[in-house]
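Reader: I'd like a close look at one part of this model, with the cut-offs spelled out. Could you walk me through it?

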Amino acid sequence: MPEKSLTAIARPLREQYDKALAALQRQNFDYAIAILGQVLQTEPAFYAGREALRAAQVKRVGNKGGFFKKMFGTASHSPLIAKGQLASRSNPIEAINIAEQILNSDPHNTAAHKLLADAALAADLPRTAALSLEFAFRNSPDREVALKLGQALARAGLPERGEKVLSELAQMFPNDPEIAKVLKNVSAKRTMSEGGYDALEDGTGSYRDILKDKQEAVTLEQEKRAIKSDDVADRLLAETEARIAREPGNLRLLRSAAELYTQKKQFDKALEYYNRIVGSEGASDPSLERIIAETTLRKLDHALAQLDPGAPDYAEQFARLEGERRDYELEQCRKRTERYPNDLQVRFELGELYFKSGKIAEAISEFQKAQNNPHKRIQAMSYVGQCVGRRGMNDLAARTLQNAIKEKPGFDDEKKELIYLLGCVLEKMGKKAEAIEQFKLIYETDIGYKDVAAKVDAYYSGQQDNAK
């Protein structure tokens, strides 16, 4: 199957992808991984989604681990690796999904990357394969991985990068005939690609294509860069504005202009172009609405950052802008909920905003609905517990948190937080012995978590004083 771009997948999946990117920016890596996994289950050929998933996996783990973690991780994943290798013979997509299960917890697992790459090549997903082969090569540079990486890059339409990898490999193994042959083929492919002759060969191009304006290619490459220098951004803006004058209905150009103005922190101009897209489409687009809301929030954040702390009215201006930002964010989220009442992620976000604003009854209502989202269920239950606790219903809060703990496997930071919250509720209820048992559960595994050490130490100190 050919790999797919963002525009080639269904709109609901694009919306899910946008949510995942937003979660990634907020460092909500668990949610980003969960939602990208769902998207890729439906569209395994969606390369940008695969790339975003890999970024989320790596960022969630960070620099944790080491030699022993890698060794034990490899051993613990051996059954899944074997299962994936078996699946790759008849169902490479299933093998890719199995490899991703491993990478969700161990994103640098070389065996999983090799499994995924082999399955991706079998499924004709060379860019996906190259992504994993690059990880595998960084972790364990060897001849086999480098050879596959060079070939995958060439198949993915990146023969120049493939040639570079293979050239370096040929220097390490100067007398290896297989490497020399593959390098020769990739070099030939690069020459054909750069000249446009590969399109002539398969009948999809013409000699006019070969003579196309090279400056346009440079411009397109610069447009792809996530961060552009001011001078490049200015030049691209001038070119984009000129093209918009000739093609006022070109929505891609309007979006490019909006993104460039956002980068330059000219938020009003950016919003002007986004609103032109809304007017041109004639229908609501949830992803576009979210971008407009995020751009407006960035505008308000920028205004807050520009305030002079030394100004006599600084506190007043800061409070005004902060209130304006909070009200806008809440109102936009409320409108999205009205427009898409079955979107449980938006329900959860609205609950969080109500919670932060002190609107506890409204927050409870949204979190109770959001519990039907399997990826937000535990968090929503945690918030419900906190909400009813704030209303003095401590017995109900304790029961809600206990139910959330029962549903939470493992012992990660989320479970620690649930146990900690339960301990605090039990303290408020005067059940000190039960509360300390909760804090001790955390103390046994993470003595540095919040003020758990102080609570446990104080408890035992009190026991010693009573014994005297």
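**A close look at helix α23 and two buried residues**

Author: Let's start with Glu349, which sits in helix α20 (residues 344-356); helices here are DSSP runs of H or I, at least four residues, numbered from the N terminus. Before going on, note that this is a predicted model, where local features need pLDDT of at least 70, side-chain atom pairs count only at pLDDT 80 or more, and totals for chains, interfaces and linings use all residues. Residues are numbered from 1 along each chain as its sequence is written, and side-chain values use heavy atoms, with hydrogens and water left out.

Glu349 has a relative accessible area of 16%, so it counts as buried (under 20% relative accessible area, with a 1.4 Å probe and protein chains only). Leaving out residues up to four places away in sequence, Glu349 touches Arg26, Cys333 and Arg336; a contact means heavy atoms within 4.5 Å.

Now α23: this helix covers residues 394-407, 14 in number, and spans 20 Å from first C-alpha to last, close to the 20 Å expected at 1.5 Å a residue (that is 1.5 Å times one less than the number of residues). Its buried residues are Asn394, Ala397, Ala398, Thr400, Leu401, Ala404 and Ile405. They lie on the same side of α23 because they cover an arc of only 165° around the axis, taken from the directions from the helix axis to the C-beta atoms. Their cover includes α22 (377-390) and α24 (413-428).

Technical notes. Helix = DSSP H or I, 4+ residues; strand = E, 2+ residues; numbered from the N terminus. Buried < 20%, exposed > 50% of the residue type's maximum accessible area, 1.4 Å probe, protein only.
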